[in-house]
Amino acid sequence: MIKDDPVNNPDHYTTGGIDTIDYIKAKLIDEELAGYLKGSVIKYISRSKYKDNEIQDLQKAFYYLNDLCMLVDKKNE
């Protein structure tokens, strides 16, 4: 059994049978997705110091930043 990963794959993100980020990626064009990912990075960084688990929000920001880097890298290939 796979343990819940609150940063990379929280259980509640797959309610309905699809991971929310996969659905978002399927519905947005790359430019829109880049904006969503940038916004997510800003959101998690700016509120991290106010949360009970600051490092978890910083790790979530890194998750979205990594996705953004992969998207930009794909575009530049």
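I looked first at which residues of helix 3 are buried (under 20% relative accessible area, with over 50% counted as exposed and anything in between as partly exposed, for a 1.4 Å probe and protein chains only), and I found Gln56, Asp57, Lys60, Ala61, Tyr63, Tyr64, Asp67, Leu68 and Leu71. I note that this is a predicted model, in which local features need pLDDT of at least 70 and side-chain atom pairs count only at pLDDT 80 or more, while totals for chains, interfaces and linings use all residues. Residues are numbered from 1 along each chain as its sequence is written, and side-chain values use heavy atoms, without hydrogens or water.

I then asked where these buried residues pack, and noted helix 1 (20-27) and helix 2 (30-47) as their partners, contact being heavy atoms within 4.5 Å. Helices here are DSSP runs of H or I with at least four residues, numbered from the N terminus.

Next I turned to the aromatic rings, where Phe, Tyr and Trp (its six-membered ring) pair if their centres lie within 6.5 Å, with planes under 30 degrees apart counted as stacked, over 60 as edge-to-face and the rest as tilted. I counted three aromatic pairs by this rule. The centres of Tyr36 and Tyr64 lie 6.2 Å apart with planes at 80°, so I entered this pair as edge-to-face. Because Tyr36 belongs to helix 2 and Tyr64 to helix 3, the pair ties together parts that are 28 residues apart in sequence.

I recorded Tyr36 as partly exposed at a relative accessible area of 30%, whereas Tyr64 is buried at 7%. The rings of Tyr63 and Tyr64, with centres 5.2 Å apart and planes at 85°, are therefore also edge-to-face. Finally, I noted that Tyr36, Tyr44, Tyr63 and Tyr64 form one aromatic cluster.

Note on methods:
Helices (H or I, at least four residues) and strands (E, at least two) are DSSP runs, numbered from the N terminus.
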